[in-house]
Amino acid sequence: RWVYMNGKYVKKSEATVSIFDHGFLYGDGVFEGIRVYDGNVFRLREHLERLYESARSILLEIPYSIEELEEAVVKSVRKNRLTNAYIRLVVSRGVGELCLDPTKCSDPRVIIIVDQVKLFPQEMYDKGLEIVTVPTRRNVPDALNPKIKSLNYLNNILVKIEANRAGVGEALMLNSDGYVAEGSGDNVFIVKRGTLYTPPGYVGALDGITRRAIMDLCDRLGYEVKEQPFTRHDVFVADECFLTGTAAEVIAVVNVDGRPIGDAKPGPITRRLLEEFRKLVKVDGVQ
Ligand code: PLP
């Protein structure tokens, strides 16, 4: 395996960063997770645009153009000879002094890791997930805006810990007003009487690329999607619920906080969308 580090390819075992890197010291940086399906890098441009926006928002200047990074990602995939893979693209503020001041870091680190993908087993897609809601709340946009995919994932890690302690693998986060925001690393949709609902960005969610892909698919398939805030109650009484994300793709949720959702099986719209999504990823991407 080869890791791209600021223009050079380094062996995985030799790819290291400094303990003075502000990504390590303070979580000062941004990242993306991207999938490769049959050699196609799925919606690479959209991921890169989100990366550059996250970086811009925290005044982190990526020392390459979007085209250069696009080429570096594709080359990294080829070099690792993987046709189905997960790409982790990380930009950290770089090495600095033991103080918060980002102006003391002059050399951002740009890292591209290409690795094998660890999916949920197919059984989980067939059966659906049992999840909970957790006490950890999603930041509202006055703090660190959830639209920034920053290296500060502690909030999301707390959600994972709380989910695990409740005996499940995933959970939903509410925002401080009690509206459902998203999962630990996924967006959420519910279906009620044939209409889909997903929280708008201002509720406190990442602008997920998979979420967008699902909204495009719904448009094409004739399903109505409303970006509208909803509560736990709306989830409990929904006909279907599912999560979307680069790693999770589209996965049904069949139980939330002990309440079965619909008939506690992946619903017809969720199954259809997963099927269409799996067709889409094979054709929609950079070769
Ligand atoms: N929400 C959070 C907090 C995430 O980390 C992710 C993963 O990137 C998502 C949602 C889903 O976004 P995407 O579909 O772009 O992977």
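## Helix H2 and the ligand shell

Helix H2 is followed by Leu 59, a residue with a positive phi near 55°. The model is predicted: local features require pLDDT of at least 70, side-chain atom pairs count only at pLDDT 80 or more, and totals for chains, interfaces and linings use all residues. Residues are numbered from 1 along each chain as its sequence is written.

Helices (H or I, at least four residues) and strands (E, at least two) are DSSP runs, numbered from the N terminus. H2 comprises 14 residues, 44-57, and its end C-alpha atoms are 20 Å apart, in agreement with the 20 Å expected at 1.5 Å a residue (1.5 Å times one less than the number of residues). Leu 44, His 47, Arg 50, Leu 51, Ser 54 and Ala 55 of H2 are buried (20 or more other C-beta atoms within 10 Å, against 12 or fewer for exposed and partly exposed in between, with C-beta atoms placed from the backbone). Because these buried residues fall within an arc of 135° seen down the axis, they line one face of H2; the arc is that of the directions from the helix axis to the C-beta atoms. The elements against which they pack (C-beta atoms within 7 Å) include those tabulated.

| Element packed against by H2 | Residues |
|---|---|
| Strand S3 | 29-37 |
| Strand S4 | 40-42 |
| Helix H3 | 66-79 |
| Strand S5 | 85-92 |
| Strand S16 | 285-286 |

Helix H6 is also packed against by the buried residues of H2. Met 215 lies in H6 and is partly exposed, with 18 other C-beta atoms within 10 Å.

Technical notes:
Contact = placed C-beta atoms within 7 Å.
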